[in-house]
Amino acid sequence: MHTVINRYILKEISLSFFMIIFILTFSLLMGRILQLMDLMINKGILLSDIARIVFYLMPSMLIITIPVSLLISILMGLGRLSVDNELIVMKSSGLSLYQLMTPIALASLCAFFITAITGFFLVPYGNLAARNLLFDMAKQKASIGIKERVFNDDFAGLVLNAEEIPSHGDYMNNVFICDTRILKEPTTIIAHKGYLISSPDSMQVTLRLKDGSIHTADKDLTTYKKIDFSSYDINLDLSASLGGTNKAITKDSREMSLPELIKKSRTLGLKKAVLKDFIIEIHKKFTIPFACIVFGIIGIPLGMVKHRSGKSRGFVTGILIIMIYYVIQLGGEALGETGMISPALGAWTANVILGIIGIYLLIVTAKEQPLVPASIRHIMRRRTQQ
């Protein structure tokens, strides 16, 4: 009998879970649609490459949507069972709250492990793969986009023209460049040959010029300077080539794996602010998956509260709890970054607070007592009457 009921509750939760995770993931993806469409339509990026970027970024969305979907599905599933009086029937048959929570505990543990694996392995791999793919696309755009005898302005602050590009495309002959990146007045660079050199390690594309000269003049054209060179390197800014997406190429603490974060945090000479950021990100590798356990604990008693509109109320309650959770989390992280509390404590603040509240509500519900004590309800009623 217990097995049948466990399967029934799991089925009720699973249907809502997969529906909500699809909606939430699609909603997060919609925030990137315009930028991705710009890459495909205006920048000439292939649809297959866009699909690969979406696939690589999916894990970073799932670590957010899995805990959220779990909480809302628990509240909606139990809310529906409560409205239809099925929970009363189950309790009347001799099942306690702790027996009814077995399938929910199993679902929470599964969500915990999936989120942990996603955060530990898939997110760093996906971010690295997306970073490399963006770099490859930028490099390809840089090499293919340059046409001979055409002024190219795909690189921020540079206008480039090559008189001749051989069919193999290994170099350019008679290169002309107008550089406005550093000096207020344009700098003209003329070189006999130019080579595009990519560096996957530093994620940069360099234009190496050979046998040329740099020409500068002041605003009043009273001073003219010429510098001859045998070799001159220019680091190309690829933001214009990919619509500003080169920001994703820079790998920050939120894109590092756990071993990388630990290694970076042990680097000598780190500033306190940087060290605190690393510590918070290390603990977030654990706090985000653990949120599945917290949401499972707090979702059981709140989902069993009987109400006329079970599923809609469960959805609204879930959104409210998630907002409270992330406000507390952001506040704890801010306190940890400013040094008012330990960074580790700041990262765990939301889980600790909501976990304690969830355990209290679970115990009260198991004893079939009202979630809000009578004294508090009496005070609230008197204030309402006043």
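**Loops, helix packing and charged pairs in a predicted model**

Arg149 is placed in the loop that runs between helix 5 and strand 1 (158–164). The structure described here is a predicted model, and this loop residue makes a convenient entry point to it. Arg149 is not a glycine, yet its phi is positive, at about 60°. As a background to that value, most residues other than glycine have a negative phi. Arg149 counts as exposed because its relative accessibility is 63%, with the cut-off for that class set at over 50%. A positive phi also turns up at Asp211, where the angle is about 50° and the residue is again not a glycine. Asp211 belongs to strand 4 (residues 204–217), whereas Arg149 sits in a loop.

Helix 5, on one side of the Arg149 loop, covers residues 102–145. Two of its residues illustrate contrasting surroundings. Leu122, found in helix 5, has a relative accessibility of 42% and so counts as partly exposed. Met137 is found in helix 5 too, but with a relative accessibility of 2% it counts as buried. The partly exposed Leu122 contributes to a nonpolar surface patch, in which it is joined by Leu109, Phe113, Ile117 and Phe121. Together, the five side chains of this patch account for about 510 Å² of accessible area. The buried Met137, in turn, links helix 5 to a distant part of the sequence: Met137 and Asp49 are 88 residues apart along the chain, while their C-alpha atoms lie 8.4 Å from each other.

Asp49 leads on to helix 2, which spans residues 47–83. In this helix, the side chains of Asp49 and Arg52 meet in a salt bridge, with an N to O distance of 3.5 Å. The two partners are three residues apart in helix 2, which means that about one helical turn separates them. Which of the two partners is buried, and which is partly exposed? Asp49 has a relative accessibility of 12% and therefore counts as buried, whereas Arg52, at 39%, counts as partly exposed.

The Arg52 and Asp49 pair can be set against the whole structure, in which a search finds eight salt bridges. In general terms, side chains of opposite charge can pair when their charged atoms come close. Another of these contacts joins the side chains of Arg80 and Asp84, at 2.7 Å from N to O. Here Arg80 counts as buried, because its relative accessibility is 19% and the class takes in values under 20%. Asp84, with a relative accessibility of 41%, counts as partly exposed. Salt bridges with shared partners connect Arg80 and Asp84 to Glu12 and Glu86, giving one network of these residues. A further salt bridge is formed by Asp228 and Lys226, whose closest N and O atoms are 3.8 Å apart. Asp228 has a relative accessibility of 57% and so counts as exposed.

Helix packing completes the picture. Two packed helices are described by the angle between their axes and the distance between the axes. Helix 2 packs with helix 7 (residues 272–303) at an angle of about 15°, and the axes are 9 Å apart. Helix 2 is therefore roughly parallel to helix 7, a description that applies to angles under 35 degrees. The crossing of helix 2 past helix 7 is right-handed.

Helix 7 also packs with helix 6 (residues 258–265), in this case at an angle of about 155° and with the axes 9 Å apart. How are helix 6 and helix 7 oriented, roughly parallel or roughly antiparallel? The angle of about 155° is over 145 degrees, so the two helices count as roughly antiparallel. Their crossing is left-handed.

Individual residues add some detail to this region. Lys264 has its place in helix 6 and, with a relative accessible area of 41%, is partly exposed. Its C-alpha atom is separated by 9.6 Å from that of Val274, a residue 10 positions away along the chain. Glu281 lies in helix 7 and counts as buried, because its relative accessibility is 8%. Between Glu281 and Ala344 the sequence separation is 63 residues, and the C-alpha to C-alpha distance is 9.2 Å.

Terms used: Residues are numbered from 1 along each chain as its sequence is written. This is a predicted model: local features need pLDDT of at least 70, side-chain atom pairs count only at pLDDT 80 or more; totals for chains, interfaces and linings use all residues. Side-chain values use heavy atoms; hydrogens and water are left out. Patches are made of residues with over 30% relative accessible area and no salt bridge: like charges are joined within 9 Å, nonpolar side chains (Val, Leu, Ile, Met, Phe, Trp, Tyr) within 5 Å. Accessible areas come from the Shrake-Rupley method with a 1.4 Å probe; for residues, only the protein chains shown count as cover. A salt bridge is a side-chain nitrogen of Lys or Arg within 4 Å of a carboxyl oxygen of Asp or Glu. Helices (H or I, at least four residues) and strands (E, at least two) are DSSP runs, numbered from the N terminus. Buried means under 20% relative accessible area, exposed over 50%, partly exposed in between (1.4 Å probe, protein chains only). Axes are lines fitted to C-alpha atoms, for helices over the stretch in contact, and angles run from 0 to 180 degrees between N-to-C directions. Angles under 35 degrees count as roughly parallel, over 145 as roughly antiparallel, 65 to 115 as roughly perpendicular and the rest as oblique. A crossing is left-handed if the near helix is turned anticlockwise from the far one by less than a right angle, and right-handed if clockwise.
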